[in-house]
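The exercises below concern the contact between two chains, the symmetry that relates them, and the fold of one chain. Please work through each task with the structure open before reading its solution.

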Number of protein chains: 2
Amino acid sequence: MPVEKTTVEVALGSRSYAIHISDNLLSQLSDLPLRIRGRQVLVVTDEQVGPLYLSVILDQLAEFDCQSLVVPAGEKAKQLTHFETILTRLMQMRANRDACLIALGGGVVGDLTGFAAACYMRGIDIIQIPTTLLSQVDASVGGKTAINHPLGKNLIGAFHQPTQVIIDVRTLNTLPEREYRAGIAEVIKYGLIMSPDFITQLEQQMPKLMSLDRVVTEGIIAACCRFKADIVARDETESGQRALLNFGHTFGHALETATAYSHFLHGEAVAIGCCLATRFSASLGLINQQDVDRTVALFKAAGLPTEVPTDLPECLQSQLTPESLAMLMTLDKKNQSGEYRFILLRQLGDAFVDARVSQSDVIEFLSRPV
Amino acid sequence: MPVEKTTVEVALGSRSYAIHISDNLLSQLSDLPLRIRGRQVLVVTDEQVGPLYLSVILDQLAEFDCQSLVVPAGEKAKQLTHFETILTRLMQMRANRDACLIALGGGVVGDLTGFAAACYMRGIDIIQIPTTLLSQVDASVGGKTAINHPLGKNLIGAFHQPTQVIIDVRTLNTLPEREYRAGIAEVIKYGLIMSPDFITQLEQQMPKLMSLDRVVTEGIIAACCRFKADIVARDETESGQRALLNFGHTFGHALETATAYSHFLHGEAVAIGCCLATRFSASLGLINQQDVDRTVALFKAAGLPTEVPTDLPECLQSQLTPESLAMLMTLDKKNQSGEYRFILLRQLGDAFVDARVSQSDVIEFLSRPV
């Protein structure tokens, strides 16, 4: 029986692939046309997701020479040492170029496994099975892979497209609520940079999205995948328009770095970053206060933070001064020699890359009261 | 004054680049149109090449924010740890996406630095300045980058094209003679797989090539770069024809692995591998004995080995049995699930990929007397 699902195509010529979205897809893997060319498969997952979904997947891959590898949960898995562990296992399996990796988990597992797939024998296939909202609407699509360097996040990586993305909305039921809300930050971001209509839709459907209504959630995830597929198809390696996806991330990454990745979930930092970038756009006369209010209200409706906190322990709070945040932003990957590159809003649903913002503009903006 | 040089173009659309070949180019870098987009430059070299050419290069890059990094000489530099060292230095320089790496040295430095360039912020520019014959005719062109894994050579890598290749033929004067001869193995290989005329040319010019005659050597290097540029332009990521460049390498890699990379230079193993692959092609009725004799004579004229040695210390010799070599070949990156993929000769100057050779065919062939 064919599996009922929504399919979004990412059009990249010979590297094109499908994103399959449905409820309960993980139990129907063997009914999907899985894109596995050879016989060797290695499923990589983490200590949180593995116990929940690994066995149901392995059961359905019985026809393959399939092994699995469990890495620690959380950001600490995105290290050179775990990258090497995956490659070692592939070597021990004597995996060939037609071997396939499967990343089962959130963005960390997807980024780490994706980078291993990019590098093993200069590139083997990978199927992404994202199990968090954040990775379903963002990280698993588009081929950005990376691990962290002790001196900076996502600084070691590659562009390597998956051969398939399989999104089972049901996995969101086991996701901690805080992580689910954090994922909604990236959902709202698509509206802000690409579609006023999607903002309106989110304003109406936020309660149903928050309560994980199956039809609404599946529809919104599919819409996000279409937004991202559209941008990635036009700009695979972020030479231009793809940078718009980093809206809110320049501020967001600075917040994460300043707090040593210990305080905010990525989506929470992005939520604050999006609100800051929206207010910054208003302060430059690009959008009006009403747009700012709508944006902030939408993030609040998702239970997300919208301002730089002022009540952190002193050791963290002291890192959040305008000066130190502005300094951290100079390390952003989007920057060219000595210049900021900021994503700003021309209007709600229409973003652009601005290279005229100076460090003192940012410090001045961050110093103002909200 | 414009620099006198031969330029070979590698046509890869937006990733196209030029290979500049001349005598004494390193002293005229500042007269070249160097393809450096930003201001940050990191020159990576090794302990052997650095003392010879680093200062002349740094002197000419004074207008940039330029640093240098010296890695150990030899294959041991192609490790994850040195890869990380390069990335750490880039981080410490706060290198942006428009920073440029320069690889100054042989294939090891080129492969290692190229892989770092491929991965830092998902890809920054690299200029290759190869200083060995092997890297001038092969490794520096085409964008294959890699490091070694304890369990296998070149198993961690990426395709990442340089933005420019600068070949100064004069650097060959400081190359140890054994390494120079080893480089000639890859030169002869181009003739065997692509051009009967080039074989004839090499038969005539081998004495002048061996004595480093400037005009002949420059012409032959340029011819090799054209052969490689032609193949790479048609098949950047080795999905088809580029595999022909691995002629002789399946046997060659097995010989290197069996002797733990301690006995043969890469080119020496390739020389033996090319002779074996030529004889293997004859044994399958594809070419005749006269072709085999011409091939072997050409490698001998370059002072290269043409047969699996029989006089090694027992600990090494015992690794060179037909069975163990055939087993090692199953790990070759070109193989698909469970099948050998061998490059064979249809005639001298015309190679093809064959997938019908079995492990027992190889064992049987290797067991025969020469």
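**Exercise 1.** Determine how many residues each chain gives to the contact, and which elements of chain A take part.

*Solution.* Chain A contributes 31 residues and chain B contributes 32 residues, where two residues are in contact if their C-beta atoms, placed from the backbone, lie within 7 Å. On the side of chain A that touches chain B, the elements giving two or more residues are helix H2 (80-92), helix H3 (107-119), strand S7 (144-149) and strand S8 (152-159) of chain A; helices (H or I, at least four residues) and strands (E, at least two) are DSSP runs, numbered from the N terminus. The largest share of that side, 6 residues, belongs to S8(A).

This is a predicted model, in which local features need pLDDT of at least 70 and side-chain atom pairs count only at pLDDT 80 or more, while totals for chains, interfaces and linings use all residues. Residues are numbered from 1 along each chain as its sequence is written, and chains are lettered from A and ligands numbered from 1 in the order in which they are written.

**Exercise 2.** Work out what relation connects chain A and chain B, and through which surface the copies meet.

*Solution.* A turn of 180 degrees with a shift of 0.0 Å along the axis lays chain A on chain B with an RMSD of 0.0 Å, the copies being superposed by least squares on the C-alpha atoms of residues with pLDDT of at least 70 in both. That is the relation of a two-fold axis. Since 100% of the interface residues of chain A are also interface residues in chain B, the copies meet through the same surface.

**Exercise 3.** Describe the surroundings of B:Ala158, and decide whether B:Ala158 is buried or exposed.

*Solution.* B:Ala158 lies in strand S8 (residues 152-159) of chain B. With 22 other C-beta atoms within 10 Å, B:Ala158 is buried, the cut-offs being 20 or more for buried, 12 or fewer for exposed, and partly exposed in between. Leaving out residues up to four places away in sequence, B:Ala158 touches A:Ala118, A:Cys119, A:Arg122 and A:Ala158 in chain A, and B:Phe115, B:Ala118, B:Cys119 and B:Thr145 in chain B.

**Exercise 4.** Characterise the fold of chain A through its secondary structure, burial and contacts.

*Solution.* The secondary structure of chain A comprises 13 helices and 11 strands. Of its 370 residues, 52% are buried. Among the contacts in chain A with a separation of 6 or more, 72% join residues 24 or more positions apart.
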